[in-house]
Amino acid sequence: MASPDAEAAPPTEPERWRDLDMLLSRPGNLVHSTFDPSPGLRDLIGSFVEVLVVGAGGLGCELLKDLALSGFKNLHVIDMDTIDVSNLNRQFLFRIHDVGKPKAEVAAKRVMERVSGVNIVPHFCRIEDKELDFYKQFQIIVLGLDSIEARSYINSVACGFLEYDSDEKPVQETVKPMVDGGTEGFKGHARVIMPGTTPCFECNIWLFPPQVKFPLCTLAETPRTAAHCIEYAHLIKWDEVHSGKPFDADDAEHMQWIYSEALKRAELFGISGVTYSLTQGVVKNIIPAIASTNAIISAACALEALKLVSGCSRSVSNYLTYNGLEGTHIKVTEFVRDTDCLVCGPGTLIELDTTSTLSEFIKMLEEHPKLLMSKASVTHEGNNLYMQAPEVLEQMTRQNLSIPIFELLKGASLATVHVSGMAESNGKKVSSLRKLRVAFKGLEEASKMDTTESS
Amino acid sequence: MAAAAAAVEPKTKYDRQLRIWGDQGQAALEKASICLLNCGPTGTEALKNLVLGGIGSVTVVDGAKVEQADLGNNFLLDEGCLGQSRAKSICSFLQELNDAVKAKYVEESPATMIDTNPSFFSQFTVVIATQLPETSLLKLDSICRSANIVLVAARSYGLTGLVRVSIKEHCVIESKPDHFLDDLRLHKPWTELKQFAKSIDICDKDAVVHKHTPYIVILVRLAEKWADAHDGQLPSTRQEKREFKDLIRAHMLNVDEDNYKEAVESSYKVSVTPGISDDIRQIIDDSSSEVNMSSSDFWVLVAALKEFIANEGNGELPLEGTIPDMTSLTEYYVSLQKIYQAKAESDCLAMEHRVKSILKRIGRDPESISRAYIKTFCKNTRKLRVCRYRSMEEEFSAPVLSEVQKYFADEDSCFAMNFYILLRAVDRLAANYSRLPGIFDSEIDEDVPRLKLAAVSVLTEMGLNGASLSEDLITEVCRFAGAEIHPVAAFIGGMASQEVIKLVTKQFVPLMGTFIFNGIDLKSQVLAL
């Protein structure tokens, strides 16, 4: 693959990367089977590997630093947030004068300033705003997120690329590994996701406990704690007084209003403990955060990314939990894939007649018990079959609705199709992306042979 | 604009961590002075986390000049620093991270400082010693022990590393465990609680009142009913506990009464063992509870606690005073809260009297321990922790052999145990050959058996043979050759900084034992040796 000249080329900056090269250029016994140690391995990683860091906050800042100092030279970072003062106790790439600026842009700039030779492309936008092709370019995606929904989304995108061969084995070229980290106070986790081999985020979604929700009757009739009074003001009283006007948790005046209403209610019921700090914490669901836990978890994630890409050592198999409250508890659990997983599995099988139209297919998705997806957009091998939005695309693809989907899929007897829309999950409507295997019933032998030739 | 921002800054900037350790914890951090030995990436990362959190001051001791290899693993150094003092360069970046922190440096090799100026360390709250070989570490440990300074040793070495805390004794009042049973005293309700429970008709015909009777009341009443029918005894056998649950259910008017469901779920609380736990018993029976003039405030409080238990406490600790949320009418809940608070306050008052008289007796000012401190102590008596650490000298000369063998034998800890031995062996070899094993490609094949020999001799001194050593790991350690890989250094440095925070704030429980990092499969372990 590499030309003889390329192999003979001396490694760049060997003195600078002396320590890292010990791992990358020397053979070992406890390494990955694909490990090919050489002085040039670091440069190969630097030249050819593109990594996406999702999130430029507590974990993201640490990840960018760790990856930049692990031989990765092509990084992208995506984050829709701007810098807040409360970030400064741990998001070390930001200073007080950066408050208000986009995290991704400042983080990228700071790391590039300090680590010469590294290129970081920032993306100040939502992860949903990127085309699927954007995510396809990366060899590995490292997540430093703070929400289940965001993780679920990236997971479905990465697993959406996964294809299976006729033996139901994952096709290696379509596997897009992810390393996912999360922290909360003194606790955290780091995991490696190899779609098709290890469990994906959805396979083990039960690992994340459901959020605490107070029953409405407690808030409305029998409050007992300060949090009840706060949530009453936030979830009930606000709408009563400001009907229509949405509550903005980042607006200090809105928060102040909630606080004073909560105080009034607390006084009424003889409940103590309502403070401004607690009000913010409850309304914004603030998760306490410190630099050390973020540093630890990010370091574990970056190390796993380095090992995955280079093969210089084994990978964690596959889920690490960390708890620093009492001494240090680190546990590695080997979770197992859910072979029926809707996201990383071979895809929910949908059987159709060759005469079913695209419009009928879309309708079917609403009722399908495993999908319950409404307002679905459909793509096949990168082509938009029907897009619900934006308006211009909707108009362009509208004509496809009345065409049999068998035709749109170029007459293949079995095809992988991606659908995205709104699905129901735990009583909430969430944006969802799913992979489907569409199989057509009642095909003649002859037409089957035709299709294999044409594809 | 900038001035206003700076004024609002401290409280808002530290908001996310204040929610963990509170204003007092933050104040302790801001008063602390930390000494770092060696500012390679491991030490630098440890300090970075502390500086971000607002530590009082840091002093970096390092005699090296910045060289090319530092640029490949240390984020706080760049090309502009080449050739300059490493300690100075690190300090200036740290200062930029948080200008409220005082960052100082001494251009001196830590080994020389340890040998020639041991009294230097007495000014610090904590010494973080990174990348120190065993000989220096042992000397430093002894210096810190005599001066009663906390020592945190950290080291990163290829894909392995260690963190070890060393201090004679560290007492924790606010250990803040994750899950801990409430202190409800359902098995021994005091007068006011009994009276309140009696004042409520648990068979109230009003359906709303019936389903909003708090489970504390239900359980106090039904426990009494049970005891009356069972010779004053509370449910203890599995059969009895089941029957007690049935008794509770028999009082339900219909299936959707959440308060009764909560009562059934919490019914086991009626059967708790009365009195104090073994852990607390051990603390109050400790010889340090025989206090004198030089005793710490913690032990004075323990002495008062011992007296309290034998007198006002009637064998029980001071009441913690809070109750968990439960389905209830607001007025019942608030009344219960007040009853628990009142008893906690009266227990605390009794403790205060005892503390004052003990202080007088040992010749100290009776006002020298604040009411706030006593109150915090009273709320946490069930969760007290006394951490005592063996010196490194003791650990090396007399390790707990049964534990060593157990760690070697267990699949989840045998890599860690191997690394522990190999890290010690590496230092021995370095002493003999003036270099770390595996540093030179040309010698790596000879270094592997040399390292094995050194490891075997470490084990032999401990009274064990080398049979459990892993050939693969010996080879790996030679492969590492002391390399400081940034993500590993960041992990170890992160852990070291976290331990410092726990030790300085005196909240949560610090590491007990030697933490060994295993970057191969991340199965890291704490070895208690």
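**Sheet and interface in a predicted two-chain model**

In chain A, eight strands (DSSP runs of E, at least two residues, numbered from the N terminus) make up an open sheet of mixed pairing, ordered β3-β2-β1-β4-β5-β6-β7-β8. This is a predicted model, in which local features need pLDDT of at least 70, side-chain atom pairs count only at pLDDT 80 or more, and totals for chains, interfaces and linings use all residues. Residues are numbered from 1 along each chain as its sequence is written, chains are lettered from A and ligands numbered from 1 in the order written, and side-chain values use heavy atoms, without hydrogens and water.

User: Which strands of chain A stand at the edges of the sheet?
Analyst: Two strands pair if DSSP finds at least two bridges between them. Two strands of chain A have a single partner each, so one side of each lacks a neighbour in the sheet. These edge strands are β3 (119-123) and β8.

User: In β6(A), what is the bridge partner of D180(A)?
Analyst: Strands β5 (residues 178-184) and β6 (residues 187-193) of chain A run antiparallel and are joined by seven bridges. Within β6(A), D180(A) has as its bridge partner R191(A).

User: How many salt bridges are there between chain A and chain B?
Analyst: A salt bridge requires a side-chain nitrogen of Lys or Arg within 4 Å of a carboxyl oxygen of Asp or Glu. One such pair is E326(A) with R385(B), at 3.2 Å from N to O. Between chain A and chain B, the count is nine.

Terms used. Helix = DSSP H or I, 4+ residues; strand = E, 2+ residues; numbered from the N terminus.
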